[in-house]
Amino acid sequence: MFETPGNALQVSVDDQVRLHVRHFPGQGGPAILMVHGLVEDGRIFWSRGGQGLAPWLADAGYEVYVADLRGRGESEPPLSRGLQVTQHQLITEDLPALFELIAQRHPNQPWFAVSHSWGGVWLASALARQPQWLQHLTGQVHFASKRVVHQRNWRKRLMIDLLWCRIAPLIGLFNGLIPARALGIGSADESRAMLRANLAWMNGGQWRDLEDGFDYALAVKTLAWPPGLYLAGKNDHYLGHVDDVKAFARELGEHDAQVVLLKKGLGCSRNYGHNDLLTHPQATREHFPLVLDWLGQRAPGY
């Protein structure tokens with residue numbers, strides 16, 4: 001059995017909630033906070049064999065922090081029947097607590113944020129509500145992040161319109177949660193409340209908080225966002241289609257946004273999909289170096 005890489009940290013959000021954060025020590029480089037998306041946890045960025053983007057960037061010198069948001073991974077308490085983990089909690093409590101962790105461990109130093117899929121929406125939403133953190137954020141890298149799915153192909157109709165929008169809520173009524181692992185659509189289960197919030201935004205609804213009405217769409221337009229690198233896989237047909245990734249970048253407002261399509265023949269040996277753009281062994285030789293170069297150009301004095 002492989003030894004688990006990195007160092008385990010705990011971040012207390014309140015008396016009941018403790019977030020698990022895995023720190024991959026570097027060589028004193030800038031800090032990077034990594035945020036996973038729906039139906040997954042921080043393991044999208046690392047494996048017990050020491051593979052993945054997080055240990056790879058740590059080997060390059062960066063101080064990498066990978067979070068398990070509440071209700072998943074090694075965070076406590078684990079998701080259970082009837083426990084309503086909400087999107088509002090992740091945005092207003094979990095992510096600000098993680099920002100504080102970076103600030104405490106790297107005071108007055110600039111840092112980067114990396115997200116996968118819906119994690120990019122949570123990250124942008126949290127920063128819109130607490131924009132003071134933007135002065136410390138020197139860059140953001142989003143892997144297959146989108147807010148609205150505009151695609152109308154058969155895969156989207158089957159996996160999202162039918163399975164995620166219709167079948168999953170019915171199963172959730174019976175189970176008390178969405179068993180994404182049993183359904184084969186993710187590595188972590190979701191609460192019913194999280195599903196409702198995701199559907200409200202992903203299907204083209206207003207980017208507005210379902211609990212307190214905060215208008216994220218309006219807020220993000222007023223902010224000065226740091227440069228962003230947006231990566232999409234050619235073989236990602238609906239969860240992070242390149243057109244939807246571009247739309248998300250535009251939704252944040254005018255900023256230095258670079259969109260890269262990971263496509264066979266354009267520096268890649270294959271057309272990447274939604275998850276394997278982070279997990280495929282070839283990524284370390286094909287586009288992880290591109291990410292490293294992009295970070296290095298924006299890392300002051302590093």
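User: Before we look at strand 7, what does "buried" mean here?

Analyst: A residue is called buried when its relative accessible area is under 20%. This applies to a predicted model. The cut-off to keep in mind for buried residues is therefore under 20%.

User: Thanks! Which residues of strand 7 are buried on its two sides?

Analyst: Strand 7 spans residues 228–233, and 6 of its 6 residues are buried. Both of its faces are covered. On one side sit Gly228, Tyr230 and Ala232, and on the other Leu229, Leu231 and Gly233.

User: Which strands are joined to strand 7 by bridges, and how many bridges are there to each?

Analyst: Strand 6, residues 137–143, runs parallel to strand 7, and Phe143 stands opposite Leu231. Strand 8, residues 257–262, also runs parallel to strand 7, with Gln258 as the bridge partner of Leu229. The bridges number 4 for strand 6 and 6 for strand 8.

User: Let's move to a helix. Is Val242 buried or exposed?

Analyst: Val242 belongs to helix 8, which covers residues 242–251. Its relative accessibility is 14%, and the limit for a buried residue is under 20%. Val242 therefore counts as buried.

User: Which residues is Val242 in contact with, leaving aside neighbours within four places in sequence?

Analyst: One of these residues, Ala232, is also among the buried residues of strand 7. Two others are Val259 and Leu261, and strand 8 holds residues 257–262. The full set for Val242 is Ala232, Val259 and Leu261.

User: What separates the C-alpha atoms of Val242 and Ala144?

Analyst: Along the chain, Val242 and Ala144 are 98 residues apart. In space, their C-alpha atoms are separated by 7.6 Å.

User: Now for the whole chain: what is its radius of gyration, and why does it agree with a compact globule?

Analyst: The chain has 302 residues, and a compact globule with that number would have a radius of gyration near 19 Å. The value for the chain agrees with this. Its radius of gyration is 18 Å.

User: What percentage of contacts join residues at least 24 apart?

Analyst: The contacts considered here are between residues at least 6 apart in sequence. Among them, the share joining residues at least 24 apart is 75%.

User: And how far apart do the centres of the positive and negative side chains lie?

Analyst: The chain carries 29 positive and 29 negative side chains. Each set has its own centre, and the two centres lie 8 Å apart.

Note on methods. Residues numbered from 1 in each chain as written. Predicted model: local features only at pLDDT ≥ 70, side-chain atom pairs only at ≥ 80, totals over all residues. Heavy atoms only, no water. Rg over C-alpha atoms; globule rule 2.2 N^0.38 Å. Contact = heavy atoms within 4.5 Å. Lys, Arg positive; Asp, Glu negative; His and termini not counted. Charge placed at Lys NZ, Arg CZ, Asp CG, Glu CD. Buried < 20%, exposed > 50% of the residue type's maximum accessible area, 1.4 Å probe, protein only. Pairing = 2+ DSSP bridges.
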